[in-house]
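Here is a short tour of one sheet and one residue for you to follow at your own pace. Keep the structure open beside you as you read.

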Amino acid sequence: MQDTPEDAFLYISPIGYRKSSSCGYCRRKGAGHSYFARATSMSPESYQALVDRCWRRSGSLLYRPNQRDACCPHYTIRLDSRRLRTTKDQRQAVNRFNKYVIGDAYAKEAARLYPKSREQARKRDTEFDLVERIHEGEALSLKQPPAPSHVFTVTLEPDDFTEEKFRVFENYQQVVHRESPASISRDGFKRFLCTSPLRKEKIKGPDGRERELGSFHQCYRLDGQLVAIGVLDLLPDCVSAVYFLYHESIHKFSPGKLGALREIALAIEGGYRWWYPGYYIHTCPKMKYKIDFSPQQILDPETLEWIDLTQDVLKKFDDHGYLNLREAQGDVVKNVSTADEAIPMEIEDGEDGIPNGEDSGSDEDASLFDSGIPGIPSIEDMKAVDLDHIAVRLNRGYCYAGDLFEWHSESIDNGGSAKAMVAELVAAVGPEFVQDLCLDFRRS
């Protein structure tokens, strides 16, 4: 095949459909399966498409759980930032932290030096503007003099490793996750939170605003000290929360709520619209905080359509493991783009909550097509998909999969063959994206 631009593809290699060694939430052994792949490089648009097909990532590892056979079924949820309804508790958390940062002395003197008009005062007392309030205590937003009690800054930074970030991670894993110091490593931190296959890009949205795309660390500093990090994937139509970690010194300020609200504010300000807080697992009490932010939608893994996550739907989860959402609610909301219309604390979703796809190895020959995983095309459907002309990345240039593997006479019914392995990958990603894939078996 002819030379191809480096940014043309989702560079990916299949791992396969594997049983998890243990559930990261209820700790059952060998509970549930996921399909795994590893991405070398991909555009934010490609990952947006995967997230909207029930995928998530941990570092460069991509995984798509089988909700049907899971002890703790994973569901993708999202919040429309423009429709957020803050609760009293959430508003109090923001106001309480701002008051701590600013201090009483600053508040009194600033009120004297920079008095608000009667209309401004009335509006502030009766309305809660999330974007305005979330920035209220930041050093760049405060009029000076006088000086506030504390200096608070939030910056969006590259997702690079630094010792400063690792110290916060180390403290968080020990205090919140009760991990032993020996189990926490720099390599693990780099692999989990500093190794993203997403390419960084800038695009202009329909509103004309420029958006940053890619993986970033949102860094919170108090009096010069890094106290929290939000690990984010900024995608064309969403702020996708990967992980949130904080130092124990700010625990009393409800940093999880503050982090989620700031990410939702970023979705509003940046024009991303949607906030994806990661998987929701109804049977896991640690996940209940995610639905405190409303209104949300839940992705039906069978149809890949979005459904309003109402109280009626949530109640039906109480009586089910895997819930067929089409039966739970008749009104389905089609996936809409940002152009169609004028928050995560992954506090308990750590690395231990991600199914282990490469080390379990207990049923490596399991077929995705026999799995019953929702939303996956059948093996008969896949026989009509052109697998021969999938690109394969070589050390120099590219070729077609059919030419490299010489599988023209093979059938994807032959489990374990190269053609069957690639067919499973395409089925899991979505046959409509077959032209966007490039198989990359090289080790980075």
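In this predicted model, seven strands make up an open sheet with mixed pairing, and their order is β3-β4-β2-β1-β17-β15-β16. The edges are taken by β3 (56-58) and β16 (398-400); each has a single partner strand, so one side of each is left without a neighbour in the sheet. From one strand to the next, the twist averages 40°.

Let's start at the β3 edge. Here β3 runs antiparallel to β4 (residues 61-65), and three bridges join the two strands. Within this pair, Arg 57 stands opposite Leu 62 in β4. As a general reminder, strands of a sheet pair through backbone hydrogen bonds, in either a parallel or an antiparallel way.

Now for a residue in strand β2, which spans residues 33-41: Ser 41 lies in this strand. Is Ser 41 buried or exposed? Its relative accessible area is 14%, under the 20% cut-off, so Ser 41 counts as buried.

Which residues does Ser 41 touch, leaving aside those up to four places away in sequence? They are Phe 9, Leu 10, Tyr 11, Pro 197 and Arg 199. Arg 199 deserves another look: Ser 41 and Arg 199 are 158 residues apart along the chain, and a polar contact joins their side chains. The table gives the two distances for this pair.

| Pair | Distance |
|---|---|
| Ser 41 and Arg 199, C-alpha atoms | 6.6 Å |
| Ser 41 and Arg 199, side-chain polar contact | 2.6 Å |

Conventions: Residues numbered from 1 in each chain as written. Predicted model: local features only at pLDDT ≥ 70, side-chain atom pairs only at ≥ 80, totals over all residues. Heavy atoms only, no water. Pairing = 2+ DSSP bridges. Helix = DSSP H or I, 4+ residues; strand = E, 2+ residues; numbered from the N terminus. Axes fitted to C-alpha atoms, helices over the stretch in contact; angles between N-to-C directions. Buried < 20%, exposed > 50% of the residue type's maximum accessible area, 1.4 Å probe, protein only. Contact = heavy atoms within 4.5 Å. Polar contact = N/O pair within 3.5 Å; in protein donor to acceptor, adjacent residues only side chain to side chain.
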